[in-house]
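Here is my note for you to read with the model open beside it. Take the points in order and find each part on screen as you go.

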Amino acid sequence: MYDIHCHIFPGVDDGSGSINDSVEMARIAASTGVKAIVATPHCNIPQLFENYWNEDFENMLRKLNETFALKGIPLTVYKGQEVFNYGDVISHLKNGRLITLNCSRYVLVEFDFDTMEAEALETAERIRAEGYVPIVAHPERYGFAFENPMSIMKIRSSGGLIQINAGSIRGSFGPNCEKLSSAILKSCAADFIASDAHSQYSRTPDMSESHEIVCNNFSYDYAKLLFETNPLRVINNEEVR
Ligand SMILES: [Fe+2]
């Protein structure tokens with residue numbers, strides 16, 4: 001499996017609190033079948049997690065990969081961000097303060113939980129128009145998707161892609177999220193499943209249970225597409241669909 005959404009960078013957001021936490025998260029990921037993670041710290045959230053990309057993040061990435069190699073953990077970490085929809089995202093992407101997933105065309109985008117459908121769509125279209133491909137992080141957790149599940153289809157029709165959280169599938173975010181994520185899967189509107197892991201204790205990088213649920217309720221091929229084939233295409237900057 002390849003995980004394109006994980007808060008494994010230490011001490012920068014509400015994810016891993018230290019390098020030791022990151023090591024434990026990496027151990028969990030590797031031991032449950034994850035080969036690579038794209039580190040996606042929250043960013044572009046004013047006064048909370050600004051985290052505009054800089055040399056410190058490059059050094060952090062290098063240190064994580066060196067540490068995992070030294071400790072014999074077979075896991076590669078790539079760089080990325082979970083970009084909050086605020087202000088002029090496009091300008092920041094162009095000037096390098098915001099970055100894509102492993103320098104690909106794919107941008108992981110996060111919305112405020114009470115964002116209206118029209119704003120989400122407009123943002124996705126604007127990012128697409130600039131040659132990037134927006135991947136909407138966990139839409140099953142957004143109010144607009146609850147109110148109108150067709151909004152997921154609209155995002156996909158405008159060239160956006162959909163990432164479901166592994167936790168939503170196994171019910172960690174409550175029955176509504178579980179139901180909506182299942183409906184999205186059923187209508188073949190999901191493109192990726194990722195951990196959105198924040199620690200080694202809860203919301204961990206272990207996606208094995210969710211992988212099993214998708215295999216049992218849908219098919220092994222569908223699970224392979226969402227956990228492996230599509231995420232790897234993003235890492236390699238290849239076409240997803
Ligand atoms: Fe996240």
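Which residue of strand 2 does Asp-3 stand opposite? Asp-3 stands opposite Ile-37 in strand 2. Keep that pair in view, and remember that this is a predicted model.

1. **The chain as a whole.** Let us start with the overall picture. The secondary structure comes to 10 helices and 9 strands. Along its principal axes, the C-alpha trace spans about 45 × 45 × 30 Å. For 241 residues, a compact globule would have a radius of gyration near 18 Å, and the 16 Å of this chain agrees with that. Of the 241 residues, 55% count as buried. Look also at how the chain comes back to itself: among contacts between residues at least 6 apart in sequence, 75% join residues at least 24 apart.

2. **The sheet of 3 strands.** Now find the open sheet with the order 1-2-4, in which the pairing is parallel. Strand 1 and strand 4 (76–79) stand at the edges with a single partner strand each, so one side of each has no neighbour in the sheet. On average, neighbouring strands here are turned by 25° against each other, direction ignored.

3. **How its strands line up.** Strand 1 pairs with strand 2 in the parallel sense over 3 bridges. Strand 2 (residues 36–39) is also joined to strand 4 by 4 bridges, and these two run parallel. On that side, Ala-36 has Thr-76 of strand 4 as its bridge partner, and Ile-37 stands opposite Val-77 in strand 4. You have met Ile-37 already: it is the residue of strand 2 that Asp-3 stands opposite.

4. **Covered and uncovered.** What surrounds these strands? Helix 10 (residues 220–235) packs on the sheet and touches strand 1, strand 2 and strand 4. The direction of helix 10 makes about 70° with that of strand 1. In strand 1, 5 of the 5 residues are buried, so this strand is largely enclosed by the rest of the structure. Strand 4 has two faces to compare: Val-77 and Lys-79 form the covered one, whereas Thr-76 and Tyr-78 form the uncovered one. A general rule helps here: in a regular strand, side chains alternate between the two faces of the sheet.

5. **The sheet of 6 strands.** A second open sheet has the order 3-5-6-7-8-9, and its pairing is parallel. Its edge strands are strand 3 (42–43) and strand 9, each of which pairs on one side only. Strand 3 pairs with strand 5 (residues 82–84) in the parallel sense over 2 bridges, and there you can see Cys-43 opposite Val-83 of strand 5. Helix 4 (residues 117–129) packs on this sheet, touching strand 6 (106–110) and strand 7 (133–137). The direction of helix 4 makes about 150° with that of strand 7.

6. **The iron site.** Which residues coordinate the iron ion? They are His-5 and His-7, each through NE2, with Glu-82 through OE and Asp-196 through OD, at 2.1 to 2.2 Å. Along the chain, these donors follow the spacing H-x1-H-x74-E-x113-D. Why does the pair of His-5 and Asp-196 tie together parts that are 191 residues apart in sequence? His-5 lies in strand 1 (residues 2–6), while Asp-196 lies in the loop between strand 9 (192–194) and helix 9 (208–217), so the pair links those two parts. Both ends of this link are buried, His-5 with a relative accessible area of 0% and Asp-196 with 2%.

7. **The geometry of that site.** The angles among the 4 donor atoms run from 81 to 170°, and the site is irregular. Four donors count as tetrahedral if all angles lie between 85 and 135 degrees, so the range of 81 to 170° does not fit that class.

8. **Two residues with a positive phi.** Most residues other than glycine have a negative phi. Asn-44 has a positive phi of about 65° although it is not a glycine. Asn-44 lies in the loop between strand 3 and helix 2 (55–70) and is buried, with a relative accessible area of 1%. Asp-196, one of the residues that coordinate the iron ion, has a positive phi of about 50° and is not a glycine either.

Conventions:
Residues numbered from 1 in each chain as written. Predicted model: local features only at pLDDT ≥ 70, side-chain atom pairs only at ≥ 80, totals over all residues. Heavy atoms only, no water. Donors = N, O, S within 2.8 Å, 3.2 Å for Na, K, Ca; no water. Tetrahedral: all angles 85-135°; square planar, octahedral: opposite > 155°, others 65-115°. Buried < 20%, exposed > 50% of the residue type's maximum accessible area, 1.4 Å probe, protein only. Pairing = 2+ DSSP bridges. Axes fitted to C-alpha atoms, helices over the stretch in contact; angles between N-to-C directions. Contact = heavy atoms within 4.5 Å. Rg over C-alpha atoms; globule rule 2.2 N^0.38 Å.
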